[in-house]
Structure formats: C-alpha cells, structure tokens
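Biologist: I am in my first year and would like a close look at one part of this model, namely any empty space that is closed off inside it. Please go slowly and explain each term as you come to it.

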Amino acid sequence: MVEKNEELEVKNKQKEVSSSVSKELRDHFGRGPESVFVSLTPCVVVIHIRNFLSPIESVLMKQEGLKGVESLREILMKSVLPEIKTKISASFDIKDFEFFYDWNIDQKSGMIIGIHWDKIDRQEIEKSFYGAMNQEIRKISETAEKQPEHVFTYQVNPRTIISGREGILIRIEKELISLGSGETLQIAKRRLEKRLLNEGEFNKILGVSVQDIFVHWDFESDKSIIVFITDPF
C-alpha cells in the first residue's frame, strides 16, 4: 500500500509539472503544446514536449525561416527556464540539478531535461550498448569540434536515452562566447551536430529506431546533453 501511495504521489507531481510547463509556454509564447510528458529518476527529470509551435513563430518561419524561430526561442527560454526549474525543484524536492533544453522545430517537439551530474556519473548499472554509444558520440564530437574529456550514457525510460559530455569546447568557441556570440554559436553547433548525429550508427547500436534527437550545451560549465527518443525497447 505504501509503494502504491508513493507511486500515485509521483504521478500526481508529474501531472502538476506537466501542467505548469504547458502554462509557462502558453504565457510566454501565446500557445501551449499539445502534450507534455514528464519522466523522473533519482538523477534525471525529462520533459518531452510535443506539437508546439506558436502563431507568431509560424509567421516568423515564413518570413525569416528556421533561424528566426530559433533566435526567438533562445531569447524567451531565458525567462521560461528559471520558472520551470523553480516549479520542478519544488514539486520533486530536488537540488543541484543542471538544466538543458532543445527543440526540433520541424517536428514541433521539444525537450527540457534536468540532471544531477554527480549522481548520474556514479551510476554503476550499465546496459550493453552504453560503451558503443559513448564511442560513437566521441567520434561525432571529434568531427564537429574535439573529443570530449568525459562521456556517459544513461537510459531514463524505455524510449529515452541521454548522453552527456564534458570538456568539449575548443578555444575559438570559448573566445566567441566571451565576445557575446553564444546564441549564434549555440544555433550553429546545434545544426551541425544534429546533422552528424542523424547520420550516426545509433539505430544499429540500439537495435531500435531513433525518432528524435535533441542536443544542448551549457557553455559556462562546458557540458552538453544529447537526448535520443526511440521506439520502445
């Protein structure tokens, strides 16, 4: 009975966070997503957003193309993300989580993910594909910039796998960030790496099809998260 009560409490909190995220996006963008799915482990919280494109973004897409929408979201997420972080932290009583986000505008999908980096690095349970995933990500990272100093892979649920990288920025990127070009660099890196990731061997490694890929960087801490949404294992 105690376990069932705890499970019900978690589900209620997940619904609460889902509603809060939808409201924040609606308040800032003028329209909320069709659905928000929240998944939680002791070291990761994943928020998967589906069918999300506001009316003003549709206009921007026609007038300025993808870059206009990407730039708008980078600006608005500076206000949205702190509110979402506060709500998640209060609902799940979590501390020291670092947050990342990304959008697949063509598919109208998005991802917000919070990670306790130290806890996830100490995970001892490994799946057979972790090593191959890490190796493929190192290879792709080296093609785009350089091999990261550290890589991990972790399965959150039957359809969500995350890979984290640390120590990936090269000197010219750090210089661009110091000159205030972080937003442009974020967009450029996202486009380049997503193209390379989509060309990777992940379907073969995982044995299931990858349906969506998200990637984001925290330039200040020199960390990056890649999220793979797959067919169910």
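**Enclosed space and its surroundings**

Modeller: The largest cavity has a volume of about 40 Å³. Rolling a probe the size of a water molecule over the atoms shows where empty space is left. On a 1 Å grid over the protein atoms alone, a cavity is a set of points where a 1.4 Å probe fits but cannot get out, and its lining residues have an atom within 4 Å of a point. Grid points are joined across faces, edges and corners, and the volume is the space filled by probe spheres set on those points.

Please keep in mind that the model is predicted, so that local features need a pLDDT of at least 70 and side-chain atom pairs count only at pLDDT 80 or more, while totals for chains, interfaces and linings use all residues. Residues are numbered from 1 along each chain as its sequence is written, and side-chain values use heavy atoms, with hydrogens and water left out.

Counting cavities of 30 Å³ or more gives two. The largest is lined by Phe 100, Tyr 101, Asp 102, Met 111, Ile 113, Phe 214, Val 215, His 216, Ile 225 and Val 227. Two or more of these lining residues come from each of S3, S4, strand S7 (210–218) and strand S8 (223–230), where strands (E, at least two residues) and helices (H or I, at least four) are DSSP runs numbered from the N terminus. By character, the lining has eight nonpolar residues, one polar and one charged; Ala, Val, Leu, Ile, Met, Phe, Trp, Tyr, Cys and Pro count as nonpolar, Asp, Glu, Lys and Arg as charged, and the others, Gly among them, as polar.

The second largest cavity has a volume of about 30 Å³, and Glu 70, Arg 73, Glu 74, Asp 102, Trp 103, Ile 105 and Arg 190 line it. Helix H3 (66–92) and S3 each give two or more residues to this lining, and H3 gives the most, with three. Here the division is two nonpolar, no polar and five charged.

Some lining residues also lead us into the surroundings. Ile 113, which lines the largest cavity, is one of five residues, together with Val 44, Tyr 154, Ile 162 and Phe 228, that touch the most other members of the 39-residue largest nonpolar core. A second, separate core of 27 residues includes Leu 53, Val 80, Phe 97 and Trp 103. Such a core is a set of buried Ala, Val, Leu, Ile, Met, Phe, Trp, Tyr and Cys residues joined through side-chain atoms within 4.5 Å, and buried means under 20% relative accessible area, with exposed over 50% and partly exposed in between (1.4 Å probe, protein chains only).

Arg 190, from the lining of the second largest cavity, is among the buried residues of H7, as are Gln 186, Lys 189 and Glu 193. H7 (residues 182–198) has 17 residues.

Finally, consider the ends of S4. Lys 108 sits in the loop between strand S3 (98–104) and strand S4 (109–115), has a positive phi of about 60 degrees although it is not a glycine, and counts as partly exposed because its relative accessibility is 35%. His 116 lies in the loop between S4 and helix H4 (117–121), and counts as buried because its relative accessibility is 12%.

Terms used
The expected span of a helix is 1.5 Å times one less than its number of residues. On a 1 Å grid over the protein atoms alone, a cavity is a set of points where a 1.4 Å probe fits but cannot get out, and a pocket is an open set with protein on both sides within 12 Å along at least five of seven lines; lining residues have an atom within 4 Å of a point.
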